[in-house]
Each structure stands twice: as structure tokens, then as C-alpha cells.
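I opened this notebook to record what I looked up in one structure. The entries follow the order in which I checked each topic.

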Amino acid sequence: MQENKTLSRAEWLDKIFGTPVFAVLLAIFCNVLWGSAFPFIKLGYRLFAIDSSSTASIFCFAGVRFMLGSFLVLLGSVLLQSRLPKFPRGKVAAECCALGLWQTTTQYAFYYIAVAMLTGAFGGILNSTQSFLGVIFAHFIYGNADRMTPAKTLGCVIGFAGVLIGTLGNHGSGSGWGVFCMMAATIIFTLSGPWNKSVTKKADSFAVCFINLFVGGLALFVLGTVLGGSLHVQSALAVAVMLYLAFICGAGYVLWALLMKNNPVSRIAIFGFVNPVVNVLLSAVLNGEPLFRWQYLAALVFVCVGIWLVNKAPAKKEGK
């Protein structure tokens with residue numbers, strides 16, 4: 001009878017994160033963080049005096065960010081689990097490293113190049129296609145467990161229509177190559193999902209994320225250094241921006257993992273529409289990009305409606 005008196009830290013967190021109002025607010029917060037990443041990366045390039053054509057220095061910038069973010073994941077494990085994560089060994093550890101080289105190194109090599117070549121608003125709209133690609137790939141990967149529905153199909157069509165609208169006009173230097181890099185990064189991210197899910201079943205999820213970010217970030221930094229890149233702190237603001245970007249990595253992962261653990265997917269995933277909206281707004285505020293370009297506004301409407309339709313669960317299944 002005394003089991004109701006005291007909850008463990010893990011049980012207390014599950015209870016808090018499973019509260020609908022709190023869960024919705026945190027889901028919005030996570031998507032605000034992720035939506036701010038693109039414009040803050042562009043701001044970081046300016047503050048670290050990195051030229052958009054200096055791919056090597058861009059890799060160094062990305063590598064430092066992810067390595068810092070990996071240590072925040074360790075901090076999150078200590079705060080939330082009262083211990084450091086249990087690190088895997090042998091084949092599982094090797095698989096975690098391989099995942100890091102694929103999901104972090106390869107994906108973000110393309111992503112960070114795209115950031116340098118595209119406007120923040122357009123890049124964010126392109127990146128939002130991961131919501132639709134994930135649904136399409138899941139149909140083929142998971143079969144009957146995650147089939148396409150009329151609502152999902154309509155959502156994908158509307159979402160991709162929004163992306164096509166967003167492609168109209170000038171979006172930055174090297175637009176064609178930038179679009180290719182962003183789409184490559186988005187496809188890699190989407191394909192990484194099933195692999196990541198599989199690995200976290202074999203090892204502590206905090207350990208998997210740490211290895212993913214640290215190994216992937218280290219590889220980016222080493223690659224950038226070998227190619228002749230470097231990173232020079234220009235001001236205290238530059239350090240603050242780097243730390244904020246690292247915070248997005250660590251905090252975003254920890255919060256989202258707890259939300260997905262304690263809530264129906266449909267309750268949480270639907271707030272992905274916040275991501276491109278924040279991206280467009282912050283791109284205007286931080287980087288002086290045009291806010292009221294009709295292509296962006298129309299694309300945002302289409303993409304947000306598409307995300308809503310894709311993540312809207314059928315009424316009969318919501319209560320299950």
C-alpha cells in the first residue's frame with residue numbers, strides 16, 4: 001500500500017510528460033527549437049566569419065556543434081536517470097558508430113552546405129518534406145503496420161505542392177545545388193529513422209544518441225580540418241550562438257524522446273507545423289530575409305495543412 005506514496009524520478013517524469021497540456025506545450029517548444037536551427041546556423045556562419053563557399057570550415061562548425069550537443073545528452077541522462085547511460089559494446093557499439101557516420105556526418109554534411117546556399121525560409125520549407133517522406137517510406141518499410149490512408153495521401157500531395165510553390169523565385173546563391181543538398185539530407189534523415197529505432201532497442205537510448213552525435217560530429221570536424229578548414233571565435237555572441245545550437249541537439253533529443261514515450265504519436269507529431277513557421281519568422285528577424293514573399297506564405301500554408309493531415313489520426317483509433 002505504500003507504493004503510491006513516493007514516485008521514482010523516472011515515474012515522476014513519465015507522469016509530467018504524459019500530462020496532455022504539458023505535453024502539448026513541450027511539443028511546441030521542441031519544434032520552436034528545431035525551427036530556429038536553420039536561421040541560427042546562418043547567423044553562426046556570419047559570426048564565425050565563415051564564407052558560404054568554405055565547405056571545410058562549415059564542416060568544422062557543424063562538428064563542434066554536435067560534439068558539444070553530445071555532452072548535453074550525457075547531462076540529460078544524469079538529470080533524468082540519475083546516472084550516466086550504459087554504453088554498448090562489441091557489435092552494438094560498432095553499429096552505433098556506423099549510425100553516427102550516416103545520420104550525423106553524412107546527413108549534416110549535405111544539410112550544412114544547403115544552409116550556406118539557400119535562404120533560411122526556403123531551406124526550412126524544403127526540410128519540412130521529411131514529414132511527408134517519412135509517411136511514404138513507412139508505407140513500404142512497415143507494411144500493414146503503417147499503411148497510407150486517404151488523409152495521409154492528401155496531406156503528402158498538399159505538402160509537396162507547397163514545396164513546389166516555394167521553389168518559385170530566387171532563394172540564394174547556388175540554388176540548384178543547395179536544393180539537391182537539402183533534399184539529400186532530408187532523405188537520409190528519413191531513412192535513418194528505422195535504423196535508429198532498431199538500435200535503441202539494443203542499447204540505452206541516451207548512449208545511442210551520445211555516440212551518434214559525438215562520432216558523427218568528430219568525423220565532420222576531422223574531415224573539415226583535413227580539408228583545410230578552421231574555426232575562429234570572433235565574439236562572445238558567436239560562442240553563445242554555438243552553445244544554443246548545441247542545446248538544440250541535446251535538449252531537443254531528450255525532451256522529444258520523453259514526449260514520444262508517454263503520449264500518442266498523433267498528439268505530438270502534429271505540432272511539426274510549428275517548425276517551418278518559426279524558421280520563416282526567425283530568418284526574417286535574424287538574417288534580414290523578406291517575410292512577406294508570397295511564395296513563402298503560400299508554401300507555409302500548404303506545408304502546414306499537409307503536416308496536419310499526415311499526422312491527424314482517424315477518430316476511431318485515437319482513443320486506443
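**Entry 1: an enclosed helix**

I began with helix α5, where G120, A121, F122, G123, G124, I125, L126 and N127 are buried. I took buried to mean under 20% relative accessible area, exposed over 50%, and partly exposed in between, with a 1.4 Å probe and protein chains only. Because eight of the eight residues of α5 (residues 120-127) are buried, I noted this helix as largely enclosed by the rest of the structure.

**Entry 2: basis of the entries**

I worked from a predicted model, in which local features need pLDDT of at least 70, side-chain atom pairs count only at pLDDT 80 or more, and totals for chains, interfaces and linings use all residues. Residues are numbered from 1 along each chain as its sequence is written, and side-chain values use heavy atoms, with hydrogens and water left out.

**Entry 3: overall composition**

I counted 14 helices and zero strands in the protein chain. Helices (H or I, at least four residues) and strands (E, at least two) are DSSP runs, numbered from the N terminus. I also recorded that 49% of the 320 residues of the protein chain count as buried.

**Entry 4: helix α2 and the residue after it**

I compared the expected and modelled spans of helix α2 (residues 20-47). The expected span of a helix is 1.5 Å times one less than its number of residues. For the 28 residues of α2 this should give 40 Å, and the end C-alpha atoms are 39 Å apart, which agrees.

I then asked where α2 bends. The bend, of about 40°, is at A37, and the proline P39 follows within four residues. I took the bend at a residue as the angle between axes fitted to the seven residues ending there and the seven starting there.

L33 also has its place in α2. With a relative accessible area of 3%, L33 is buried. I found L33 and N279 to be 9.6 Å apart in space, C-alpha to C-alpha, although they are 246 residues apart in sequence.

I next looked at A49, which is found in the loop between α2 and α3. A49 is not a glycine, yet its phi is positive, at about 55°. A49 is exposed, its relative accessible area being 57%.

**Entry 5: salt bridges**

I asked how many salt bridges the structure holds. The count comes to two, where a salt bridge is a side-chain nitrogen of Lys or Arg within 4 Å of a carboxyl oxygen of Asp or Glu.

In one salt bridge, D204 pairs with R83, and the closest N and O atoms are 3.3 Å apart. This pair links distant parts of the chain, 121 residues apart: D204 lies in the loop between α8 (175-200) and α9 (205-226), and R83 in the loop between α3 (55-81) and α4 (90-117). I recorded D204 as buried, at a relative accessible area of 14%, whereas R83 is partly exposed, at 32%.

E95 forms a salt bridge with K202, with 3.0 Å between the closest N and O atoms. Here too distant parts of the chain are linked, with E95 in helix α4 and K202 in the loop between α8 and α9, 107 residues apart. K202 is partly exposed, its relative accessible area being 46%.

**Entry 6: cysteines**

I searched for disulfides, that is, pairs of cysteine sulfur atoms within 2.5 Å. The structure holds zero disulfides. For C209, the nearest cysteine sulfur is that of C249, 8.2 Å away. C209 is buried, with a relative accessible area of 9%, and C304 counts as buried at 15% relative accessibility.

**Entry 7: a nonpolar patch**

I noted a nonpolar surface patch of about 320 Å², made by L68, V233, V239 and L243. Patches are made of residues with over 30% relative accessible area and no salt bridge; like charges are joined within 9 Å, and nonpolar side chains (Val, Leu, Ile, Met, Phe, Trp, Tyr) within 5 Å. The accessible areas come from the Shrake-Rupley method with a 1.4 Å probe, and for residues only the protein chains shown count as cover. L243 is in helix α10 (residues 236-262) and counts as partly exposed at 48% relative accessibility.

**Entry 8: a loop contact in space**

I closed with L168, in the loop between α7 (150-166) and α8. L168 counts as partly exposed at 41% relative accessibility. L168 and Y296 are 128 residues apart in sequence, and their C-alpha atoms are 9.2 Å apart in space.
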